[in-house]
Amino acid sequence: MDNPSWDLYRSFLAVLREGSLSGAARVLRLTQPTVGRHIAELEQSLGGVLFTRSPSGLVPTQSALNLVPHADAMAASADALVRAASGEPNEPKGSVRVTASEFVGALVLPAMLASFHEAHPKIAVEIALSNRNQDLLRQEADIAVRMAEPTQQALLAKKIGDVRIGLFAHRRYLKRQGTPRDLGELVAKHALIGFDRDTSALRALRQTGLPITRDLFALRTDSDPAQFHALCAGFGVGACQVGAAVKVRELAPVLPEVFSVRLGMWLVMHEDLKTSRRVRLLFDHLAASLAIYAKMDRAGAP
């Protein structure tokens, strides 16, 4: 048999992600028998079983798991090809894919992208939210917003600035519980919002001088947007990017003279995309908008 086509691998990835032939068929807009045939053809071509049946659905074998990084690379290349073909390089038209952390992608970028869309309505923007750094060299995205300096070659990186992180709480919570006067009182008497299993985040907090352990958090989640919404709901005190917190009038700073962290922010794209007008337009727009965001202080002014 000839080498398996991309259609077979696309169905393989869909079954892997959805856990069933029917779920994969819905995502791919194919019939279930077609997806089943694709899996059977791929198994025949590779000479091994890719999925076994269980009460919860189809479970990938080790052979299937070994294929995942290679199939993901094929999927990223296929998506990049579609984006590249969506418009001419010198025209403000087509698709651009942006990757960012869950917090930045969900709470910071939408307003910036709305103003960009008003100016360039023919450019479609795709947002990939992930707290892992997606690989621009593998074309998983066109533009990345990163909170760590990129080290890969063949990337164009622009330092946006240092994003400030402070402690905040809802004014209703502070009215009920009082405002802590120092770190000791904060830890001893207040409901803290923090991380669950993200040990790197805990280490970063300890470097600021906070005597933090996981057990001190009254609410534990590794989702930054969930922490932010808990703050807005008045659950307790938590860390938040200042630029996002100052947009919520009911959030008040807590111990600003004691707790202050700065994280670098970079905007990155592959150097091969610098001649694409739609990518460059969005890159420049985000660079300007994020620079204003990074300079926001606790009074809401840049």
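Which backbone nitrogen lies 2.9 Å from a polar atom of the side chain of His170? I started my notebook with that one, and I kept in mind throughout that this is a predicted model.

**Entry 1: His170**

I found the backbone nitrogen of Arg172 at 2.9 Å from a polar atom of the His170 side chain. His170 itself sits in strand S6. I then asked myself: is His170 buried or exposed? His170 counts as buried, because its relative accessibility of 7% falls under the 20% cut-off. Setting aside neighbours within four places in sequence, I listed its contacts as Leu231, Cys232, Gly234, Gly236, Glu250 and Leu251. Cys232 on that list sent me to the cysteines next.

**Entry 2: the cysteines**

How many disulfides does a search of the whole structure find? I got 0. Cys232 is in no disulfide, and its nearest cysteine sulfur, that of Cys240, is 7.4 Å away. Cys240 is likewise in no disulfide, with the sulfur of Cys232 as its nearest, at 7.4 Å. A disulfide would need the two sulfur atoms within 2.5 Å, so this pair does not qualify. I also checked how accessible they are: Cys232 is partly exposed, with a relative accessible area of 24%, whereas Cys240 is buried at 4%.

**Entry 3: the nonpolar cores**

I turned to the largest nonpolar core, which has 39 residues. Which of its members touch the most other members? They are Leu109, Ile143, Leu267, Leu286 and Leu290. Among the elements giving two or more residues to this core, I noted strand S3 (94-100), helix H5 (102-119), strand S6 (155-170) and strand S11 (261-270). Helix H11 gives the most, with 9 residues. I picked Leu109 for a closer look: not counting residues up to four places away in sequence, it touches Val98, Ala100, Val104, Val145, Leu286 and Leu290. There is also a second, separate core of 20 residues, which includes Tyr9, Ala25, Leu58 and Ala75.

**Entry 4: helix H1**

Tyr9 brought me to helix H1, where it is one of the buried residues. The others are Leu8, Ser11, Phe12, Leu13, Ala14 and Val15. I did a quick length check on H1, which covers residues 6-18. At 1.5 Å a residue, its 13 residues should span 18 Å, and the end C-alpha atoms are 18 Å apart, so the two agree. What follows H1? I found Gly19 there, and its phi is positive, near 80 degrees.

How values were computed. Residues numbered from 1 in each chain as written. Predicted model: local features only at pLDDT ≥ 70, side-chain atom pairs only at ≥ 80, totals over all residues. Heavy atoms only, no water. Helix = DSSP H or I, 4+ residues; strand = E, 2+ residues; numbered from the N terminus. Expected span 1.5 Å × (residues − 1). Buried < 20%, exposed > 50% of the residue type's maximum accessible area, 1.4 Å probe, protein only. Core = buried A, V, L, I, M, F, W, Y, C linked by side-chain atoms within 4.5 Å. Contact = heavy atoms within 4.5 Å. Polar contact = N/O pair within 3.5 Å; in protein donor to acceptor, adjacent residues only side chain to side chain.
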